[in-house]
Amino acid sequence: MQKKGERGIAVSYMSRKQAMKRLKLSLKDFRRLCILKGIYPVQPHHKKKANKNNSSNKTYFYLKDVRFLSHEPLIDKFRSFRVFIKRLKKAIGKGDFETSERLRENEPVINLDHLVKERYPTFIDALRDLDDAVSMCFLFSTFPKDGGIKPDLVLLCRRLTVEFMHFIVEAKSLRKVFISIKGIYYQAEIRGQQITWVVPHTFGYSSPTDVDFKIMVTFAQFYSTMLGFVNYKLYNSINLVYPPKLAVDCSSELLKGEEDYSEFVAALNISLKSSVDNNLEEEIQIDEFPETDDTEEMQKRKAEQGKIEKLKNLFAGCKMYLNREVPWESLLFIIRCFGGEVSYDKTLQVGATFDEDDETITHQIIDRPLGQKQYLNRYYIQPQWVYDSVNARMLLPVEQYFPGEVLPPHLSPFVEEKEGDYIPPEKQALLDLQNGVTKRLPRTVESSEDESDNFDEQEESDKNDESSDENKKRKAENQENKSKRLKMKVTEGVPIKINPEKLAQKEAAEDKRLGIMSMPKKNKHLYKKIIYGQKRKNREIQKLKEKREIYDKEQKMQRRKKKIAV
């Protein structure tokens, strides 16, 4: 007979203190080991039974996870590093600088390569978990080198993110872009997997006080190792040399010397060198299969593939120049992903391919008032035009994005409205534009305001005219009624006409009511939940419509006040 507390929940879990004692690790090393191995705390179904009839709050782990951690070779590395720190402190305290320098040269190195292979057996598994890795590396690449984090880790994250962006440019895998308060969101499609990451804005850095950077550094160390493996695999998949090398020789006029080579790679404006000769590459043709029963699905896939191929060359034929005040790295990355040519001021960054006075430039992206020197053969537009065109999958009209114009709302491409959802007028206008409907094309703000005001004035005059006509008709009808009352007569009865549509609706409603009554209790409860959810959704849509009407009325009143003031 087994005693109480020797089976079931009592032996399936282990507290954090017990796990640290069993592994002989400090709290810092135990946390680090759990993060690297992907082991996280769990919540037992019955805390009292898991803690042997003790209801105190503790952090629990599965016993099988603790046993799994006990065989990790990193534990020996942690212990040797702890001994190294003790010896180093002792040498520094004694003033023995020779010993301290020798210890620093022989510092234990922790290798995390085996953990990547262990946690991600296949490449698709790594791609599915790549969102957090890329976001974390982009975050660390923006940290200052003297902000309490080792400069080697910051430089490593910067190099890996640049390599990742180069692959996205060469493969043209970018699909969606959105600017938010937190940063710029990107979404790329790699081997059928959608990868979404966020890049912080380039603002001044201020170290937060409520963030534990030790834990973040542990995540960054593992994610940087993982991203290095992923970059190597991605580069080989499209026949690119890794580490990346530029397609331009160092002896060319564009490159000033080998010492600036890494800066030219980070500029993102020069194509990378391929590991296969372009002349020997053969075009891959898609096999054509005979038509089967699922021809409609195949046609949809072909149509979607055609749209993606068209999106990849969205900015083909466009030659854009970036002013100094715009976010040049983000815009350069996006424009090159969709087949456009781009350049910037040579004093801003190396790798500029053409100057501002080039007459073949089609668009110049600026974010300040126009200067005296202007060119008539190019468009001067604000940066939002690039982001909105990518999300709309077409080159939008540039009239609304001229300098000084009030920009249209920047709609999120990650929100997809379903049938019955509220669609803002701006989104509906964009959908009509994509479908080729020219009735609701976006127009400039001033013209729409003037037309709306003129329409309101015309409406008021028409209402006054209609009210005078109605008064005349009422007087004539009153006179006719008086004359009819004097002549009393019996008229023939008219049979009531039954509307077949209303009758069918009434019968359908009655059948529906009887069907609900005959439902089982369980299904009836589920049906009521569905109906309640639909009604709640309709109420939310109605609230949004009312808010929009109030907003439009306020905007009209403000425009009228401005006109009166002028």
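**A tour of two sheets, a pocket and a helical span**

Begin with the open sheet of four strands, ordered S7-S6-S8-S9 and paired in parallel fashion. Strands here are DSSP runs of E with at least two residues, helices are runs of H or I with at least four residues, and both are numbered from the N terminus. Two strands count as paired if DSSP finds at least two bridges between them. The coordinates are a predicted model, in which local features need pLDDT of at least 70 and side-chain atom pairs count only at pLDDT 80 or more, while totals for chains, interfaces and linings use all residues. Residue numbers start from 1 along each chain as its sequence is written, and side-chain values use heavy atoms, with hydrogens and water left out.

Select 341-343 and 379-381 next. These are strands S7 and S9, which stand at the edges with a single partner strand each, so one side of each has no neighbour in the sheet. From one strand to the next, the twist averages 25°; axes are lines fitted to C-alpha atoms, for helices over the stretch in contact, and angles run from 0 to 180 degrees between N-to-C directions. Then display S8 (residues 363-365), which is joined to S9 by three bridges in a parallel arrangement. His363 has Tyr379 in S9 as its bridge partner.

Move now to the open sheet of three strands, in the order S3-S4-S5, where the pairing is antiparallel. Its edge strands, S3 (174-179) and S5 (193-199), each pair on one side only. Neighbouring strands in this sheet are turned against each other by 15° on average, direction ignored.

Select S4, residues 184-190, which is joined to S5 by seven bridges and to S3 by five. Five of the seven residues of S4 are buried, where buried means under 20% relative accessible area, exposed over 50% and partly exposed in between (1.4 Å probe, protein chains only). Tyr186 is a useful residue to label: Val177 is its bridge partner, and Trp197 in S5 stands opposite Tyr186. Further along, Glu189 faces Gln194 in S5.

The connections come next. Four residues lie between S3 and S4 in their hairpin. The hairpin of S4 and S5 has two residues between the strands, and Arg191 there adopts a positive phi near 55°.

For the second largest pocket, select Arg32, Phe81, Lys150, Val217 and Gln221, which lie nearest its centre among 31 lining residues. On a 1 Å grid over the protein atoms alone, a cavity is a set of points where a 1.4 Å probe fits but cannot get out, whereas a pocket is an open set with protein on both sides within 12 Å along at least five of seven lines; lining residues have an atom within 4 Å of a point. Its space is about 1200 Å³, the volume being that filled by probe spheres set on grid points joined across faces, edges and corners. Helices H3 (27-37), H6 (74-94), H11 (151-171) and H12 (213-237) each give two or more residues to the lining, and H12 gives the most, with eight.

Finish at residues 534-561, where an unreviewed UniProt entry places a "coiled-coil region"; UniProt positions follow the numbering used here, feature names are shortened, and annotations may be inferred rather than shown by experiment. The span is 100% helix and 0% strand, with its end C-alpha atoms 41 Å apart.
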